[in-house]
Structures are given as structure tokens and as C-alpha cells.
Amino acid sequence: MEPAGLDRLLRRARRRDPQALHELVDKYSARLFGLLYRLTGSRETAEDLLQETFLRVVRTIPEYRHGGRFESWLFRIAANLARDHARRLKRRGRPVELDAPGQAGEPGRSDLADAGRPDPVGELLRKEAEQRVSAVLQGLGEAEREIILLRHFSELSFREIAELLDIPLGTALARVHRALKRLKAALGEEV
Amino acid sequence: MDRNLEQHGHEVDRRLAELAEHLGAPAPRREHIAAIKDAIDAEARRLRRRERRIVRLRPWIGAAAAVLLTVGLSVPLGPRAYQALLAADEDPAVAFGNWVAALDETGERFTMLFGDDWYLGADGANGQENTDVGDSLDSLEESLESFERIVGA
């Protein structure tokens with residue numbers, strides 16, 4: 001969406017125009033869900049947090065002042081919710097629960113996507129790789145995981161992500177570099 | 001320095017792109033998206049209602065304060081009421097705010113009283129004026145009874 005279109009959409013959303021809010025859901029829910037799913041490792045949790053993200057948008061959007069940073073604001077809400085969720089789990093001494101392979105649906109696809117003819121072997125390999133990635137991501141430090149996933153799912157630059165997380169750009173890049181090495185090692189020959 | 005960081009950023013991006021296929025995630029379910037839209041509609045309605053109520057109440061705060069004063073002077077207060085008022089008397093604004101909130105919680109009557117049904121336009125014309133004012137006065141009485149219950153009179 002071009003900036004002027006987003007400006008108009010946000011002006012309507014600020015008035016809590018239902019259609020505008022629905023458009024925001026349609027526009028951002030897939031990427032936000034991806035981020036939340038990868039941050040939490042659970043479809044159910046990601047769904048809850050996605051809904052909470054949009055509810056917070058509805059509550060606070062009149063105070064949001066648009067300076068071309070809407071995505072940064074939106075993804076910050078989602079990332080903060082995921083972080084709060086992780087802290088709550090930690091306080092209760094509960095480990096992060098990863099969905100079993102295939103439980104969450106095929107990576108990058110869903111009932112929203114066209115169902116092509118599945119390749120059973122390819123699908124199995126993909127699911128195994130997906131679970132390995134989930135496990136490695138959950139094994140990374142919270143900050144490393146956040147940076148990688150924010151860069152992957154949002155359209156924010158590393159500089160914007162560093163600002164969002166309130167860390168220097170060099171620190172952000174060093175963290176993501178380390179995390180990528182670990183991810184790549186975990187995935188072995190596949191990449 | 002900045003250029004080095006930028007180059008480093010490009011390098012990290014290149015490596016991240018190699019892993020992009022593995023970082024994919026399932027998309028949200030259609031029914032879940034529908035549920036989110038329902039939830040935000042409900043929340044938006046609730047917030048719009050609250051904002052409208054605040055706008056309606058604002059001009060009436062003074063009048064309501066006068067009513068409160070009248071009630072305070074005319075209603076004989078029992079010992080419990082006296083205690084309640086004592087507890088709240090440190091900050092009359094807070095006490096009044098609590099009372100308004102309590103009235104608000106009694107439901108739609110208070111909203112109606114200060115709402116569109118009773119509101120006279122700039123030209124003073126309102127065909128339902130007499131009926132609505134009567135209803136509103138009933139509402140006022142009920143609201144005052146609520147107030148009396150709150151302070152234990």
C-alpha cells in the first residue's frame with residue numbers, strides 16, 4: 001500500500017471505523033501471526049496474542065501519531081505481548097510448548113492458501129525441518145530470536161528494529177549474525 | 001562506521017534470505033480472522049459508546065454537583081453514611097467522581113438522563129421533550145436512590 005493510502009486508512013482507523021480496522025487485520029494479520037507463532041511456538045498462543053494485538057490497536061490508535069512508522073508501532077505491540085507471555089510462562093515455571101509437527105499447519109500455508117496436490121515425502125521433510133527450526137529458534141536468546149523474526153516478518157530495517165528494541169544497530173546485527181550461524185548449523189546441509 | 005554497519009546489515013540479510021524458506025509460518029485460520037474482526041468491532045463499539053457518554057456527561061457535571069449538594073443537605077444521613085462520607089471527605093472531587101461512576105454503573109437510566117432523548121437542540125425543539133423529561137426525572141429519582149444506597153442513608 002502506498003504511503004498516502006496507508007495515511008487515509010489510518011485516519012479512518014483512528015476514528016475506529018470498523019471497515020478500516022478490518023482492512024488493517026487483513027493487511028497485517030498473516031505477518032503478525034507468523035511472527036507470534038515463531039516467537040511462541042504455539043498456534044493457539046499466537047492466535048490469542050494476535051487478537052490481543054488488534055484489540056490494543058483499537059484501544060490506542062487514537063493516540064498513535066503517524067509518521068510513517070505504523071508497522072514499527074504495530075509489530076512492537078505484538079513483540080511486547082509475546083515477550084510478556086514468555087515471562088509469564090517463565091514465572092510459572094512452564095516450558096515453552098511447541099506445536100507437534102503438522103499440528104500448526106504447513107509452514108507458509110493454511111486454509112487461506114490454495115491446496116495443491118501434496119508431495120508426501122517433501123511434506124514430511126518440510127515438517128521435520130520446520131520443527132527443527134522451531135526448536136532452534138526457541139533455543140536462541142529472546143533478543144536474538146526477536147531480531148531475526150522481526151526482520152523476516154515485518155518490513156522493518158535492522159536500524160528500525162534496533163530502535164524498536166532500544167539497542168544499538170551494531171549490537172542488533174551482531175546478535176542476528178550469531179543467531180543465524182546457529183540456525184544454519186542446526187539445519188545442516190539443507191541451506 | 002555507518003558504512004561498515006550497512007554492509008554488515010546487507011550480509012546478514014543475505015544469510016537470512018537463505019533461511020527464509022525455513023522461517024515460514026502457518027497462516028492464521030479464516031475463522032480466527034473472522035473472530036478477531038468480531039472482537040475488534042465489539043471493542044470499537046464499546047469505546048465509542050464510552051466516548052459519547054463522556055461527551056454527554058461533561059456539560060452536566062456542574063448540574064450533577066448541585067444535585068449532590070442538594071441531596072447532601074436534604075437527605076438525613078444515617079451513621080453508615082456519615083462514616084462513608086468521612087472516608088471520602090479528604091478529596092470531594094474523588095468522592096464525586098466515585099458517585100458519578102456508581103451512577104453510571106446503575107445502567108442506561110443515567111445515560112438516558114443526559115443522553116440524546118432529553119437533549120434539546122440549539123433551537124430548543126424536541127417533540128418528545130415532555131415525555132422524555134418526565135422519564136428522565138424518574139431516572140433522576142432512581143439515580144438518587146442509588147446514591148442514598150451508596151452512602152448508606
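Asp166(A) is exposed, because just 6 other C-beta atoms lie within 10 Å. Here a residue is buried if 20 or more other C-beta atoms lie within 10 Å of its own, exposed if 12 or fewer, and partly exposed in between, with C-beta atoms placed from the backbone. Asp166(A) sits in the loop between helix 7 (158-165) and helix 8 of chain A. Its phi is positive, near 60°, although the residue is not glycine. The model is predicted: local features need pLDDT of at least 70, side-chain atom pairs count only at pLDDT 80 or more, and totals for chains, interfaces and linings use all residues. Residues are numbered from 1 along each chain as its sequence is written, while chains are lettered from A and ligands numbered from 1 in the order in which they are written.

A second positive phi occurs at Arg16(A), with a value of about 60° in a residue that is not a glycine. Arg16(A) belongs to the loop between helix 1 (3-14) and helix 2 of chain A. Arg16(A) is buried, because 20 other C-beta atoms lie within 10 Å. Asp17(A) is found in that loop too, between helix 1 and helix 2 of chain A. Asp17(A) counts as partly exposed, because it has 14 C-beta neighbours inside 10 Å. Asp17(A) and Val58(A) are 41 residues apart in sequence, and their C-alpha atoms are 9.7 Å apart.

Chain A contains eight helices and zero strands. Helices (H or I, at least four residues) and strands (E, at least two) are DSSP runs, numbered from the N terminus. Along the sequence the pattern of chain A is α-α-α-α-α-α-α-α. Chain A has 191 residues, of which 38% count as buried. Among contacts in chain A with a separation of 6 or more, 67% join residues 24 or more positions apart. Two residues are in contact if their C-beta atoms, placed from the backbone, lie within 7 Å.

Chain B has seven helices and zero strands. Its elements run α-α-α-α-α-α-α from the N terminus on. Of its 153 residues, 14% count as buried. Residues 24 or more positions apart supply 74% of the contacts in chain B with a separation of 6 or more.

Helix 8 (residues 169-187) of chain A holds Ala172(A). Ala172(A) counts as buried, because it has 27 C-beta neighbours inside 10 Å. Outside its neighbours within four places in sequence, Ala172(A) is in contact with Ile147(A), Phe158(A), Ile161(A), Ala162(A), Leu165(A) and Ile167(A). Ile147(A) is 25 residues from Ala172(A) along the chain, and their C-alpha atoms are separated by 7.0 Å.

The largest nonpolar core has 55 residues, and Phe33(A), Leu35(A), Leu36(A) and Ala78(A) touch the most other members. A nonpolar core is a set of buried Ala, Val, Leu, Ile, Met, Phe, Trp, Tyr and Cys residues joined through C-beta atoms within 7 Å. Helix 2 of chain A gives the largest share of this core, 11 residues. Domain 1 (1-99) and domain 2 (118-191) of chain A each contribute at least three residues to this core; the domain bounds come from an automatic or database domain assignment. In soluble globular proteins, nonpolar side chains tend to be buried together. Phe33(A) also touches chain B: not counting residues up to four places away in sequence, its contacts are Ala46(A), Leu50(A), Ala25(B), Ala27(B) and Pro28(B).

At the interface, 45 residues of chain A are in contact with 29 residues of chain B. On the side of chain A that touches chain B, helix 2, helix 3 (43-60), helix 5 (120-139), helix 6 (142-153) and helix 8 each supply at least two residues. Helix 2 of chain A gives the most to this side, with 10 residues. By class, this side of chain A comprises 25 nonpolar, 10 polar and 10 charged residues. Ala, Val, Leu, Ile, Met, Phe, Trp, Tyr, Cys and Pro count as nonpolar, Asp, Glu, Lys and Arg as charged, and the others, Gly among them, as polar.

Helix 2 (residues 18-40) of chain A packs with helix 2 (residues 30-57) of chain B at an angle of about 145°, and their axes are 10 Å apart. Axes are lines fitted to C-alpha atoms, for helices over the stretch in contact, and angles run from 0 to 180 degrees between N-to-C directions. The crossing of these two helices is right-handed. A crossing is left-handed if the near helix is turned anticlockwise from the far one by less than a right angle, and right-handed if clockwise. From helix 2 of chain A, Pro18(A), Leu21(A), His22(A), Val25(A) and Ser29(A) meet Ile33(B), Ile36(B), Lys37(B), Ile40(B), Asp41(B) and Ala44(B) in helix 2 of chain B. This contact has seven nonpolar, two polar and two charged residues.
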